[in-house]
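Here is a set of exercises for getting to know a new structure. Please try each task yourself before you read its worked solution.

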Amino acid sequence: MKKISIFLIAALAVIIASCSDNQPDLVEQDGNGAPIISLPAGAIQGEIMVKFKAPAINLVEQNQLKSAATGMLRSGSMAMDAILHRIGTTSLERIFPLDSRNEERTREAGLNRWYVIHFDENSDLEQVALELSTMGEIEKIQYSHPIQRAYNPKVRATALSAETQKALKSMSRSASLQEGFNDPALPVQWGYINNGRLLADGTINQKGDEIVQAVQGVDVGCQEAWELNTGDPSIIVAVLDEGVMYNHPDLKDNMWVNEGEVFGSQEDADGNGYAGDLHGYNFVTDRGLITYNEGSDTGHGTHVAGTIAAVNNNGTGVCGVAGGNGSANSGVKIMSCQVFAGSSGVSMYQEAKAIKYAADNGAVVLQCSWGYNSGLANPLMYMPGFVSDEEWASGAPLEKEALDYFIHKAGSPNGVIEGGIVVFAGGNESAAMAGYPGAYPDYISVAALAADGTPSSFSNFGAGIRISAPGGDSDYHKCEEGKIYSTIPPFDGEYYGYMEGTSMACPAVSGVVALGLSYAVQLQKHFKASDFRQLVLASASEVPIESYFQNTKVYYTNYAYYGQVSPMQMSPGAYAGKMGTGLINAYRLMKSIEGAGVDMKVPNMYVAIGGTSAINYSRYFADGKGLTFTCTVADNTIAKMSSADQVNFTLKGLKEGSTTATVTASNGTKQVFHITVRKSNGWL
């Protein structure tokens with residue numbers, strides 16, 4: 001969202017939109033001590049994060065069990081226990097909770113070795129870090145930092161103007177249908193289908209000023225893309241933001257549902273370490289109760305979610321890039337990973353938990369409309385953030401490890417994508433460099449464009465920017481319609497409103513990525529995440545800055561409040577070739593997918609004795625959604641396969657051993673795979 005920032009005064013905080021920070025100084029201790037970050041202003045007192053070395057973690061875990069049994073805090077090291085006792089430690093807590101389904105890969109990634117220490121707030125934080133850094137058992141130390149809003153919480157999304165609402169109501173139903181679906185506000189979603197007009201009733205705004213009109217074709221290519229695919233429910237996008245309004249009339253049918261969980265319950269029904277997480281989790285309050293209407297909420301999370309997956313063709317409100325076609329089994333799913341609630345926000349370790357939660361619970365796209373200020377941001381207006389990959393990686397190791405986990409561990413080697421795609425807002429400081437973490441090469445950092453193809457006046461550009469997308473620019477277009485229209489909580493009775501920023505460009509890219517993966521599901525294609533990310537970037541449309549932006553671009557700061565009072569200029573030479581690979585294009589991505597990736601095959605299956613494993617064979621055969629299947633196990637004493645609908649099958653392990661099975665589709669095609677039954681299955 002435009003002009004939203006955070007104050008990461010060291011290396012350890014994240015929030016919605018762009019952010020502010022002091023760069024951390026990394027101090028390497030002598031001997032076997034852990035490197036620590038110099039004490040930042042604003043660090044949380046009484047809280048510090050440590051990563052134990054691999055040889056020490058077994059002892060730590062054993063003593064954690066003893067601590068739980070005796071009530072006496074023990075780490076397994078007498079020297080460290082002495083420090084913990086001296087500083088008044090109340091808890092030594094593993095950051096990422098135990099999830100038996102994913103514990104093996106958690107340990108492979110080393111994330112089980114990260115702990116947070118809570119202690120007496122009166123203890124000297126820097127002295128605590130220095131003492132802990134001398135412990136040979138500790139590999140890394142980080143301070144924590146609270147999330148702070150750096151924008152006016154009363155500034156929320158703006159609704160359609162009365163003139164535009166009147167004009168939309170007067171439009172014929174066929175005009176809306178010609179643009180794709182029957183959602184009444186689709187004609188004002190120029191980021192999807194740009195017809196070259198912003199105001200439905202002319203070119204003069206309410207102030208009497210002539211607006212800057214849109215340019216036809218400056219959009220993400222939905223019209224052609226929707227002819228190929230509209231979104232598949234097997235693709236899950238995790239939204240790290242304010243809570244998503246899960247019961248919004250235009251979102252509720254496309255919310256991710258964690259079957260078996262009861263919303264907001266104190267019971268962890270699926271054993272993933274999080275109770276009541278029906279639609280995601282509130283990492284601010286550490287509960288499954290997602291909130292979206294706190295007094296200081298802006299509607300940002302709901303707005304972002306609508307761009308990705310508002311329900312299409314339901315005769316209501318707006319469309320989502322990958323929102324389906326209105327049928328019961330279409331549209332990608334939104335998982336709400338809430339990192340903001342009212343005036344509160346998560347600290348560093350809670351944000352890392354949210355990222356890992358998304359990967360472990362099925363998300364393959366991570367939507368991140370937040371990040372640190374650009375390292376090249378104007379220091380008179382912002383506190384610049386990290387300036388290099390190395391500085392960010394060493395300054396925020398927990399954050400990087402969590403993101404690494406997502407890009408490598410999300411998805412499945414037997415699914416449409418192995419690994420995950422991380423999409424970040426590029427930042428809104430008008431700086432010649434994207435903010436971190438998005439600027440890191442493993443992620444997609446998004447710059448924003450106005451409706452005529454020119455860079456948005458607030459958008460970062462240059463180093464670290466990977467691609468561009470519609471983000472709006474009302475100070476340039478001189479009308480609210482120059483922003484991005486999407487879903488919001490019911491502020492003043494309105495369920496839809498305008499926002500702008502790289503935060504709005506970011507979900508356009510997340511939506512296109514999800515739509516592309518949905519098409520890959522349709523084609524039974526499999527991709528490595530790194531390969532798919534490159535395909536997204538390579539399939540972008542060229543952004544011919546020179547043709548849209550031949551002379552200086554003039555915009556008016558805070559036009560909505562002051563009108564044409566404060567003119568500002570942008571030079572085309574500063575932006576040419578610096579908006580990433582171009583404008584994200586859904587249709588071009590989908591056509592590229594047709595000739596890329598590898599065909600999916602029925603995977604080999606592993607199950608414990610007495611355990612079960614489910615599989616849907618329609619995902620592994622061409623045109624599988626229209627087929628039925630039979631499955632024959634070669635040795636029925638080892639395992640048996642059953643199905644109630646000849647599509648979804650359940651494998652049950654009977655005794656230890658290996659066998660083969662043959663799946664036959666109703667069109668005659670066959671596949672053979674192996675079944676292995678073990679005494680136990682991973683960390684069960």
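**Exercise 1: A strand and its partners**

T660 has H674 in β30 as its bridge partner. Keep in mind throughout that this is a predicted model.

*Task.* Find out in which sense β29 and β30 pair, and over how many bridges.

*Solution.* Start with the ranges: strand β29 covers residues 657-665, and β30 covers residues 670-678. The two strands pair in the antiparallel sense, over eight bridges. Next, look at how they are joined: β29 and β30 form a hairpin with four residues between them. In that turn, G668 has a positive phi of about 95°.

*Task.* Now turn to β24 and work out how this strand pairs with β30.

*Solution.* Here the pairing is parallel and runs over four bridges. Two places let you check the register. M605 has I675 in β30 as its bridge partner, and V607 stands opposite V677 in β30.

*Task.* Put the strands of this sheet in order and say which stand at the edges.

*Solution.* Step one is the order, which reads β24-β30-β29-β26 in an open sheet of four strands with mixed pairing. Step two is the edges: β24 (605-608) and β26 (629-633) each have a single partner strand, so one side of each lacks a neighbour in the sheet. Step three is the twist, with neighbouring strands turned by 25° against each other on average, direction ignored.

*Task.* Which side chains of β30 point to the buried face?

*Solution.* Recall that in a regular strand the side chains alternate between the two faces of the sheet. Walking along β30, you find Q671, F673, I675 and V677 on one face, and these are buried. K670, V672, H674, T676 and R678 point to the other face and are not buried.

**Exercise 2: Another sheet**

*Task.* Describe the open sheet that contains β14, β20 and β23.

*Solution.* The three strands follow the order β14-β20-β23, and their pairing is mixed. β14 (417-418) and β23 (598-599) stand at the edges with a single partner strand each, so each has one side without a neighbour in the sheet. To see one pairing in detail, take strand β20 (residues 525-528): with β23 this strand pairs in the antiparallel sense over two bridges. At one of the paired positions, H526 has V598 in β23 as its bridge partner.

**Exercise 3: Helices side by side**

Two packed helices are described by the angle between their axes and the distance between the axes.

*Task.* Is α13 roughly parallel or roughly antiparallel to α18?

*Solution.* Helix α13 (residues 502-522) and helix α18 (residues 586-594) pack at about 30°, with axes 9 Å apart. Angles under 35 degrees count as roughly parallel, so α13 is roughly parallel to α18. The crossing of α13 past α18 is right-handed. On the α13 side, the contact involves V512, L515, G516, Y519 and A520; they meet A586, L589, M590, I593 and E594 in α18. By class, this contact holds eight nonpolar, one polar and one charged residues.

*Task.* Carry out the steps again for α9 and α11, beginning with the angle at which they pack.

*Solution.* Helix α9 (residues 348-360) and α11 pack at about 5°, and their axes are 9 Å apart. The two helices are therefore roughly parallel to each other. Among the residues of α9 in this contact are M348, Y349 and I355, while α11 brings residues including L398, L403 and F406. The contact divides into 11 nonpolar, no polar and four charged residues.

**Exercise 4: Two acidic residues**

*Task.* Does E401 count as buried or exposed?

*Solution.* Locate E401 in helix α11 (residues 397-409). Its relative accessibility is 12%, and buried means under 20%, so E401 counts as buried. Leaving aside neighbours within four places in sequence, E401 is in contact with K51, A109, L111, W114 and K140.

*Task.* Where is D124 placed, and how accessible is this residue?

*Solution.* D124 lies in the loop between β7 (114-118) and α4 (125-133). At 49% relative accessibility, D124 counts as partly exposed. The C-alpha atoms of D124 and I87 are 8.5 Å apart, although 37 residues separate the two along the chain.

**Exercise 5: The whole chain**

*Task.* How many helices and strands does the protein chain have?

*Solution.* The count gives 18 helices and 30 strands. Of the 684 residues in the protein chain, 60% are buried. Among contacts between residues at least 6 apart in sequence, 72% join residues at least 24 apart.

How values were computed: Residues are numbered from 1 along each chain as its sequence is written. This is a predicted model: local features need pLDDT of at least 70, side-chain atom pairs count only at pLDDT 80 or more; totals for chains, interfaces and linings use all residues. Side-chain values use heavy atoms; hydrogens and water are left out. Two strands pair if DSSP finds at least two bridges between them. Axes are lines fitted to C-alpha atoms, for helices over the stretch in contact, and angles run from 0 to 180 degrees between N-to-C directions. Angles under 35 degrees count as roughly parallel, over 145 as roughly antiparallel, 65 to 115 as roughly perpendicular and the rest as oblique. A crossing is left-handed if the near helix is turned anticlockwise from the far one by less than a right angle, and right-handed if clockwise. Contact means heavy atoms within 4.5 Å. Ala, Val, Leu, Ile, Met, Phe, Trp, Tyr, Cys and Pro count as nonpolar, Asp, Glu, Lys and Arg as charged, and the others, Gly among them, as polar. Buried means under 20% relative accessible area, exposed over 50%, partly exposed in between (1.4 Å probe, protein chains only).
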